[in-house]
Amino acid sequence: MASYSETLERIYNLHGGSIDLRLDRVAGALNLFGHPERKFPTLHVAGTNGKGSTSALLQRILSLAGYRSALYTSPHLVSFTERIKIGEQEIGEDDVVTLADEIWQRTAAADIALTYFEVVTVMAFIYFARQPTDVAVIEVGLGGRFDATNVITPLVALITTISRDHEAFLGADLLSIAGEKAGIIKPGVPLVCGAVSVEVSELFRQTAKERGSKAYFFGEDFKFFLKNEGFFDYTGVKQHYPKLSVRLRGRHQKYNAAVALAALEVVQDRFPVTEESIRAGLATVQWPGRLEVMLERPTVIIDGAHNGEGVLALVEELKVYRGRKIKLLFAVMSDKDWQLMLARLSEVVSQVMFTKVAMERSADPAELAQNFAGKVASRSHADARAALRLLIDESAAEDVIVVAGSLYLLGEI
């Protein structure tokens, strides 16, 4: 049998990492294993931004409430095993090797050629089904309608936000993107929706109505209110929780927490959770790379902002460092709207260091620097780690260094 590193190499090289959105392959593969995705209840989380944080919040609260809760997310930052976990325990390397081998043997015999994300999704479902799993929180990889995870029929579907991202696959306008996300709304399955535009909310309302699904919207059925010292109040469908605190930094994380709490209200008959579990879950959740301070002098912050909406949230949070010199280490995938991202970041940063990650999709840093017509100074360095070391060495203790633009960059850092 192959080693763990050989197995990962084979998984990563499937279809050259291409994206091919269809459901027939993953459904066929799961059929070969007796449909493991049907053997445990799920919560399904989609959205342009915030779906990872929301998923982590849901799983943490459910775990502290005493349920053996699983979590499937993507991408990983450092280790592949981050994607598949039960409680706080990530899937073991030996399990990755064994399950990958099983999947390849059965799908090869059935002439089913899975993509990278499909293999990992099938692996997660098999792994969860073979463990004593009470409930699983499943994050959508891309879009919704044709995402490999969309073979499940969850207890509740969540859509956190809608903004432009992955336009080549999901459409260039918000309604097209929303239409793809709406694909996770199943007949009779409740929908919890975050803050979206009027046009998008109407699309979701109509879709839910057509499918006989009850829909709950942020600002109407549930909301939060900011309080002093970082606390917030949650007022939901039936519950009210005053003076909550969430460990994840940023106003947007309070919003993600509200979406998660609304979903837990919706499934409370099946999975009741106590206020104590909610408070403890919000206060102890871990989700790396979201406004995470890695170093104090100089201050080094890593953030997963990799599209326009994510960058807006980052810019808002960086305003607390106004008066200090802020430097940006930036890498981006070539298919992203990096001009828009940098235009917004240039409002708060004093210089940009372009770099890259070890992926074919990564934009060339020298070309980025050459084409960057920003208001601040810029340069490039092809080695991300060396670039960060250079920025740290050049910085005064009171300076701020922000690492953003790609989750893959955060993993390398």
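This is a short tour of a predicted model, with a selection to make at each stop.

Before you start, note that residues are numbered from 1 along each chain as its sequence is written. Because the model is predicted, local features need pLDDT of at least 70 and side-chain atom pairs count only at pLDDT 80 or more, while totals for chains, interfaces and linings use all residues; side-chain values use heavy atoms, with hydrogens and water left out.

**Stop 1: the six-stranded sheet**

Select β12, β13, β17, β14, β15 and β16, in that order, and you will have an open sheet with mixed pairing. Its edge strands are β12 and β16 (377-380), each of which pairs on one side only. From one strand to the next, the twist averages 25°. Helices (H or I, at least four residues) and strands (E, at least two) are DSSP runs, numbered from the N terminus. Two strands pair if DSSP finds at least two bridges between them.

Now pick out β14 (residues 326-330) and β17 (residues 400-404), which run parallel and are joined by five bridges. Click on I326 and look across to V400, its bridge partner in β17. Next add helix α12 (residues 338-345), which packs on the sheet and touches β14 and β15 (351-354). The direction of α12 makes about 165° with that of β14. Here and below, axes are lines fitted to C-alpha atoms, for helices over the stretch in contact, and angles run from 0 to 180 degrees between N-to-C directions.

**Stop 2: the hairpin at the sheet edge**

Go to β12 and β13, which form a hairpin with three residues between them. The two strands pair in the antiparallel sense over three bridges, and L295 stands opposite V300 in β13.

Select P298 in the loop between β12 (292-295) and β13 (299-302). The peptide bond leading to P298 from R297 is cis, with omega near -5°.

Then step back to L291, in the loop between α10 (275-284) and β12. L291 has a positive phi, near 50°, in a residue other than glycine. Is L291 buried or exposed? L291 is buried, with a relative accessible area of 5%. Buried means under 20% relative accessible area, exposed over 50%, and partly exposed in between (1.4 Å probe, protein chains only).

**Stop 3: two helices that cross**

Show α3 (51-64) together with α10 (275-284). Their axes come within 8 Å and cross at roughly 135°, so α3 and α10 are oblique to each other. Angles under 35 degrees count as roughly parallel, over 145 as roughly antiparallel, 65 to 115 as roughly perpendicular and the rest as oblique. To see where they meet, display L57, R60, I61 and L64 in α3 with S277, I278, A280, G281, L282 and T284 in α10. Contact means heavy atoms within 4.5 Å.

**Stop 4: Y67 and its surroundings**

Select Y67, in the loop between α3 and β2. Which backbone oxygen does the side chain of Y67 reach? The side chain reaches that of P272, at 2.7 Å. Beyond its neighbours within four places in sequence, Y67 is in contact with L62, D134, V135, F271, P272 and V273. Y67 and V273 are 206 residues apart along the chain, yet their C-alpha atoms are separated by 9.4 Å.

**Stop 5: two more loops**

Move to P75, in the loop between β2 (69-72) and β3 (84-86). A cis peptide bond joins S74 to P75, with omega about -10°.

Finish at D111, in the loop between α4 (93-109) and α5 (116-130). Although D111 is not a glycine, it has a positive phi of about 60°. D111 counts as exposed, at 72% relative accessibility.

Terms used. Polar contact = N/O pair within 3.5 Å; in protein donor to acceptor, adjacent residues only side chain to side chain.
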